[in-house]
2 protein chains.
Amino acid sequence: MPVAKLSWATDIPALDRVATATARARQARLTKPAGSLGRLEELAITLAGITGDVIPRVMTPVAIIGAGDHGVTAEGVSAYPSAVTAQMALNFVAGGAAVSVLARQVGARVIVVDFGIATELPADAAILRRKIGFGTRNFANGPAMSYAEAVAAIEAGIGIVNDAIDDGADLIALGEMGIGNTTASSAIVAALLERPPAEVVGRGTGIDDAGLTRKIGAVESGLRVNRPDPHDPLDTLAKVGGFEIAGLVGVILGAARRRCPIVLDGFITTAAALVARRLAPPAAYCLVASHRSVEIGHTIILDALGLTPLLDLQLRLGEGSGALLATKIIVSACALHAEMATFDEAGVSGRLADDAG
Amino acid sequence: MPVAKLSWATDIPALDRVATATARARQARLTKPAGSLGRLEELAITLAGITGDVIPRVMTPVAIIGAGDHGVTAEGVSAYPSAVTAQMALNFVAGGAAVSVLARQVGARVIVVDFGIATELPADAAILRRKIGFGTRNFANGPAMSYAEAVAAIEAGIGIVNDAIDDGADLIALGEMGIGNTTASSAIVAALLERPPAEVVGRGTGIDDAGLTRKIGAVESGLRVNRPDPHDPLDTLAKVGGFEIAGLVGVILGAARRRCPIVLDGFITTAAALVARRLAPPAAYCLVASHRSVEIGHTIILDALGLTPLLDLQLRLGEGSGALLATKIIVSACALHAEMATFDEAGVSGRLADDAG
């Protein structure tokens with residue numbers, strides 16, 4: 001199945017350059033020295049370009065959190081047992097996790113999606129069921145999933161974000177939960193960016209030195225055994241990725257097609273963005289990088305995507321925590337752009353002529 | 001009047017080490033890998049130490065914005081005319097300035113204080129009147145103000161913050177407005193840190209190269225003519241400071257005495273913090289640095305104070321804009337600390353033993 005034929009990898013609009021230019025002109029009239037709000041000005045202008053609205057607002061942010069398990073945990077690559085994936089997904093919807101607190105802070109609805117948790121969840125848990133499988137297979141020994149499974153997860157992600165946007169979402173904060181998913185993300189990044197695993201593998205939830213060595217070894221095995229094609233993002237995603245990572249690729253592609261800004265979280269969501277951009281380059285225009293993770297591979301992907309994150313708070317939690325924190329900043333940037341008075345409106349004098357001194 | 005005899009420079013409590021330790025222990029039980037919330041964890045622990053509350057909350061943040069004019073503008077040191085100080089103070093209370101928008105975003109009351117605007121304000125403007133004078137004198141030719149005026153401004157600041165805390169304020173975001181006040185702040189910093197003016201003078205609201213040369217020259221004149229004593233912060237403040245800067249020194253000292261966290265903004269508020277710490281070293285414990293300003297002298301003072309800012313968004317507006325933006329992050333850090341479930345409460349498994357892999 002050639003990538004170019006997949007309908008969801010086409011039809012993503014370009015940035016609206018008229019909206020961008022008009023928003024930039026508006027910024028110059030607001031009561032502040034030109035450029036003095038720095039990246040907040042850029043953010044509002046970027047959102048104008050993404051959405052096509054000269055005065056974009058974020059009124060209904062939605063966090064989409066993909067969850068899935070990873071067969072590669074059998075290699076001893078995580079500080080936590082796989083059972084934590086399901087336990088934390090339940091904690092997200094019960095309201096006790098970091099992402100739950102931060103979503104309340106910014107008024108975001110949280111949609112938790114089971115793309116591939118290894119256990120059955122309680123029937124009454126408020127988690128969307130899009131389970132492609134009970135965890136991926138151990139990619140150290142063979143492909144994590146089939147090509148068809150990867151496509152199914154992507155299409156599930158597209159469907160979820162389409163529904164969320166139909167329900168009014170005007171910004172998507174991405175998040176994830178999956179014990180072992182920094183290992184899968186490292187493998188994707190090493191494969192697609194053709195970097196040695198030791199340069200992209202970090203400590204994830206906080207593994208010790210012996211664990212780090214096992215984790216690098218698992219990624220090396222995955223690449224050697226599966227030989228993912230660095231020029232075929234779907235092949236790479238299927239062979240060494242994860243169900244929730246594939247689901248997030250779909251969320252990104254679906255949101256970009258609808259001109260909806262997507263706020264990345266840390267290493268895993270940014271790895272998903274790398275796959276999405278390889279599948280559909282214009283998807284990159286809709287991405288906002290929230291924070292710079294402590295995870296070493298994160299900066300490598302951000303550089304590859306040409307993104308500069310808003311925050312650097314030494315976060316390494318995932319879940320969407322950084323994305324929701326940055327959403328607070330984005331909401332403020334849009335409020336400044338929309339609500340500040342212009343020099344004329346406020347009766348404030350402009351600059352002196354530059355030779356006035 | 002020896003500094004040690006000034007009552008407001010004493011009686012500032014130390015950090016509460018029991019609250020700090022108890023808050024740190026709570027962080028370790030929350031459902032996340034230890035340390036994975038990075039600086040958000042530190043922030044909550046710091047606020048516990050400042051306030052003495054193991055679970056600190058920010059429910060009633062207040063922005064205190066000091067305004068004043070500067071005689072040194074006669075040297076051609078600013079890109080904007082002095083009239084903008086009063087115009088912007090009115091814009092703050094009318095709701096059209098950046099600080100007005102950001103205060104609404106975080107639910108903060110804004111208190112704008114006239115410590116020394118050069119004009120009479122309209123009688124009905126909702127601005128606190130603590131005018132020490134109609135702008136300082138031009139410090140390039142002689143002292144900006146008298147020692148008694150500096151003390152009066154500090155005491156006015158203490159009174160204002162005491163009233164705000166009596167009314168329920170649990171966090172003070174500092175801000176300022178004063179055409180010419182980056183020049184005065186540069187002179188304070190050059191004097192107290194004994195640095196050459198050219199190393200600390202920046203472009204303020206965006207002055208051109210010729211203006212920058214005039215600005216450096218004005219600071220050099222101010223130091224040469226007035227010879228402020230680098231070991232006497234009040235002498236320095238009076239000779240080359242400003243009314244609103246002195247007022248902010250008072251706000252900091254008053255808030256610290258009441259165990260109230262103080263969020264600094266950019267270069268000017270941080271210069272005020274340097275003076276406050278020289279007057280009363282324990283005041284430094286209550287400071288949170290919000291952002292790293294583009295203004296070159298800001299990093300020099302932050303380093304001197306041992307503070308690492310939360311944000312780096314290329315802001316250089318002042319007004320309290322960075323302080324209020326960072327307040328959003330601080331509110332979230334406290335919410336995470338207060339509202340996240342513990343591992344026991346959520347039934348989430350802890351770490352594997354480190355040799356489990």
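Okay, let's start with a term: when I say buried, I mean under 20% relative accessible area. One caveat as well: this is a predicted model, so every value here is computed from predicted coordinates.

With that cut-off, let's look at helix H12 of chain B, residues 296-305. Its buried residues are B:Gly297, B:His298, B:Ile300, B:Ile301, B:Leu302 and B:Leu305. What sits over them? The cover includes three helices of chain B, namely H6 (181-192), H7 (197-200) and H11 (267-279), along with strand E6 (287-289). Right after H12(B) comes B:Gly306, with a positive phi of about 70°.

Since E6 came up, on to the sheet. Chain B has an open sheet of six strands, and if you walk across it you get E3-E2-E1-E4-E5-E6, with parallel pairing. Strand E3 (128-129) and E6 are the edges; each has a single partner strand, so one side of each has no neighbour in the sheet. Further in, strand E4, residues 171-177, runs parallel to strand E5, residues 262-264, and two bridges join them. If you want a spot to click on, B:Ala173 stands opposite B:Val263 in E5(B).

A quick stop at helix H5 of chain B, residues 147-166, which is where you find B:Asn162. Buried or exposed, or in between, for B:Asn162? The relative accessible area is 22%, so B:Asn162 counts as partly exposed. Its C-alpha is 27 Å from that of B:Thr182, and those two are 20 residues apart along the chain.

Now over to chain A, for some backbone angles. Two glutamates there are worth a look. A:Glu194 isn't a glycine, yet has a positive phi of about 50°. You'll find A:Glu194 in the loop between helix H6 (181-192) and helix H7 (197-200) of chain A. Then there's A:Glu319, again not a glycine, with a positive phi of about 75°. A:Glu319 lies in the loop between helix H12 (296-305) and helix H13 (321-339) of chain A. How do their surroundings compare? A:Glu194 has 55% relative accessibility, so that one counts as exposed. A:Glu319, on the other hand, is buried, with a relative accessible area of 2%.

Last part: the interface. How many residues of each chain are in contact? It's 60 residues of chain A against 60 residues of chain B. Between them the chains bury about 5100 Å², and 60% of that is on carbon and sulfur atoms. Of the area chain A buries against chain B, A:Tyr80, A:Leu313 and A:Arg351 supply 11%, more than any other three residues.

On the polar side, the rule picks up two salt bridges across the interface. One of them pairs B:Glu339 with A:Arg104, with the closest N and O atoms 2.9 Å apart. There are also 25 residue pairs in polar contact between the chains, counting residues at pLDDT 80 or more.

Which elements of chain A give two or more residues to the side touching chain B? Those are helix H2 (38-51), helix H3 (83-94), helix H4 (98-106), H13 and helix H14 (343-346). H13(A) gives the most, with nine residues. By residue type, that side of chain A splits into 29 nonpolar, 19 polar and twelve charged.

That's my tour; over to you.

Methods:
Residues numbered from 1 in each chain as written. Chains lettered and ligands numbered in written order. Predicted model: local features only at pLDDT ≥ 70, side-chain atom pairs only at ≥ 80, totals over all residues. Heavy atoms only, no water. Buried < 20%, exposed > 50% of the residue type's maximum accessible area, 1.4 Å probe, protein only. Helix = DSSP H or I, 4+ residues; strand = E, 2+ residues; numbered from the N terminus. Contact = heavy atoms within 4.5 Å. Buried area = accessible area lost by both parts, 1.4 Å probe. Salt bridge = Lys/Arg side-chain N within 4 Å of Asp/Glu carboxyl O. Polar contact = N/O pair within 3.5 Å; in protein donor to acceptor, adjacent residues only side chain to side chain. Nonpolar A, V, L, I, M, F, W, Y, C, P; charged D, E, K, R; others polar. Pairing = 2+ DSSP bridges.
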